[in-house]
Amino acid sequence: MEANNKQRGAVGRFFHWLGGDLKDIGLTFAQGDWKTKLSFLIMGFGQLLRGQYVRGVAMLALQTLCNWFVFGFGWPYFSKLLTLGTVATHKVNRVTVYGDNSFLILLYGLLTIVVILLLLLLWRINLRQNKEAEGILARGKKLPSNYSDLHSLVDKNFDKTLLALPVLGIFVFTVLPIIFMICIAFTNYDANHQPPANLFTWVGLNNFKELFGIGGSSNFGGTFFYVLGWTLVWAFFATFLTYFLGMAVAILINKKGIKLKKLWRTILVMTIAVPQFVSLLSVGKMFASDGLVNADLLKWGWIQTAIPFWDNATYARILIIVINLWIGIPYTMLIVTGLLMNIPAELYESARIDGANPFQTFRKITLPYMLFVTGPFLLTQFIGNLDNFNVIFLLNRGRPQSMSLSNNAGATDLLVTWLYKMTINDSNYKIAAVIGIMVFVVTAVISLIVYNAMPSVKDEEGFQ
């Protein structure tokens, strides 16, 4: 049976589970007593009649609350979810007549769907409780008392009690906004469709076609792939240069004979202590055309005209990567320093006896150990650099602008900074939502491929 389940696809397993659950619901109704049958309509009724007042009151209260939200508050929004409203706010004889609000319809409509799904889940739990209670009584045993139900909330089921509020917070402040953003990608919500004065509506996959330049009516396509390419190049160099240079600095400081080790580590850590918001803005000003660097170079006679650090795409990209080294190397140095102390000294001693030079020792002992242990850290750094808003935006705000790029995209913009500009400057929420989805797709694909290929994941015991 298990072999057959493994051979089924995810869709097949889902429908198999759904069919089994529907069958169980039908048997529960057919074989249940009148209390259970009545609980199909009034949740908690069976528990109340069997003396399980805590469960019964809780179920009845939750059903009442959900019903009130769905039918008393959410239904007017849910009923207009397919159109996102048809009557815009307008004026009649200088009197404002308020109509529909597409934004609120979408938000509260989605929330109503979630509450309906929650109500179905509670309804299913209610049926299971009735079925279990009938089975316990049929075996001649006593049902759990109300005291035991309450005590279980701080004992056996304490995990559910403890996680209830955090899970609710994650859903309200993380999951629901993500779902809302995904839905926005399928609408025409932009500067010209601002509710309540101007409603927006569903447009299907038109925004995705516009972003990828499908159909030839949009100039987004070239810009998107240009920005995506630079985002991947930036993430690669920002991750691996800081990693290997940070490792080199840590190895150099830890080398025998190096004096004032604590001083060198303290100097490097000072770059972490200064907030990035302050340091990046200051460094960005230093390399401006009229900044400190150009002023000093002109004063010393090394250059005749100011170097366009932020006005030349190649200079700006190289400079951003170099400045990021100053920020990233200390983090890697601290991590690698701790790991270097855990490598058995006997391995290095054996390598020296066998005649290995320092480079061979690094390649055969230090590097494999570091890559094995810090593989997940490297992946996290790479994904973080794909969304590294601070370095790009605080240094030069994605400049320089290019005539070949559309919609305020700069030559050093990442997808996340371009998304920000499109939202704040252009109010182009529909395309910004599509870009947000594409950022998720890119990071998810890279994460899954790289994570599953890591030796530390495929063979956790292998290095030992």
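This passage describes the pockets, the cavity, the salt bridges and the aromatic pairs of the structure.

The structure is a predicted model, in which local features need pLDDT of at least 70, side-chain atom pairs count only at pLDDT 80 or more, and totals for chains, interfaces and linings use all residues. Residues are numbered from 1 along each chain as its sequence is written, and side-chain values use heavy atoms, with hydrogens and water left out.

Empty space was examined first. Rolling a probe the size of a water molecule over the atoms shows where such space is left. On a 1 Å grid over the protein atoms alone, a pocket is an open set of points with protein on both sides within 12 Å along at least five of seven lines, a cavity is a set of points where a 1.4 Å probe fits but cannot get out, and lining residues have an atom within 4 Å of a point. Grid points are joined across faces, edges and corners, and a volume is the space filled by probe spheres set on the points.

The largest pocket has a volume of about 1600 Å³. Its lining comprises 38 residues, and those closest to the centre are Met-59, Leu-62, Leu-122, Ile-125 and Lys-160. Helices (H or I, at least four residues) and strands (E, at least two) are DSSP runs, numbered from the N terminus. At least two lining residues come from each of H5, H6, helix H7 (146-152) and H8, and H6 provides the largest share, 11 residues. By class, the lining of the largest pocket holds 27 nonpolar, 6 polar and 5 charged residues; here Ala, Val, Leu, Ile, Met, Phe, Trp, Tyr, Cys and Pro count as nonpolar, Asp, Glu, Lys and Arg as charged, and the others, Gly among them, as polar.

The second largest pocket has a volume of about 830 Å³. Of the 22 residues that line this pocket, Ile-251, Asn-254, Lys-255, Tyr-348 and Arg-352 lie nearest its centre. Two or more lining residues are given by each of helix H10 (220-254), helix H11 (261-273), helix H15 (345-353) and helix H16 (358-386). The lining of the second largest pocket divides into 12 nonpolar, 4 polar and 6 charged residues.

A search of the whole structure for enclosed space finds 1 cavity of 30 Å³ or more. The space in the largest cavity is about 30 Å³. Thr-231, Leu-386, Asp-387, Leu-415, Val-439, Val-442 and Thr-443 form its lining. Helix H19 (residues 429-453) contributes the largest share of this lining, 3 residues, and the classes are 4 nonpolar, 2 polar and 1 charged.

Charged side chains were considered next. Side chains of opposite charge can pair when their charged atoms come close. With a salt bridge defined as a side-chain nitrogen of Lys or Arg within 4 Å of a carboxyl oxygen of Asp or Glu, the count comes to 10. Asp-24 and Lys-131 form one such bridge, with their closest N and O atoms 2.5 Å apart. Because Asp-24 lies in helix H2 (residues 10-31) and Lys-131 in helix H6, this pair ties together parts that are 107 residues apart in sequence. Both residues also belong to a network of salt bridges that links Asp-21, Asp-24, Arg-124, Arg-128 and Lys-131. Lys-131 is partly exposed, at 41% relative accessibility; buried means under 20% relative accessible area, exposed over 50%, and partly exposed in between (1.4 Å probe, protein chains only).

Arg-50 takes part in a salt bridge with Asp-33 (3.1 Å, N to O). Asp-33 lies in the loop between H2 and helix H3 (34-39) and Arg-50 in the loop between helix H4 (45-49) and helix H5 (53-78), 17 residues apart. Arg-50 is buried, at 13% relative accessibility, whereas Asp-33 is partly exposed, at 28%. Arg-50 also forms a salt bridge with Glu-134, the closest N and O atoms being 3.9 Å apart. Glu-134 lies in helix H6, so this second pair ties together parts that are 84 residues apart in sequence.

Aromatic rings were treated last. Rings of Phe, Tyr and Trp (its six-membered ring) pair if their centres lie within 6.5 Å; planes under 30 degrees apart count as stacked, over 60 as edge-to-face and the rest as tilted. The structure holds 27 aromatic pairs. One of them, between Phe-103 and Phe-180, is edge-to-face, at 5.0 Å centre to centre and 65° between the planes. The pair links helix H6 (residues 102-138), which holds Phe-103, to helix H8 (residues 158-184), which holds Phe-180, across 77 residues. Phe-180 is buried, with a relative accessible area of 12%, while Phe-103 is partly exposed, at 29%. Ring pairs join both residues with Tyr-189, Phe-200 and Tyr-429 in a cluster.
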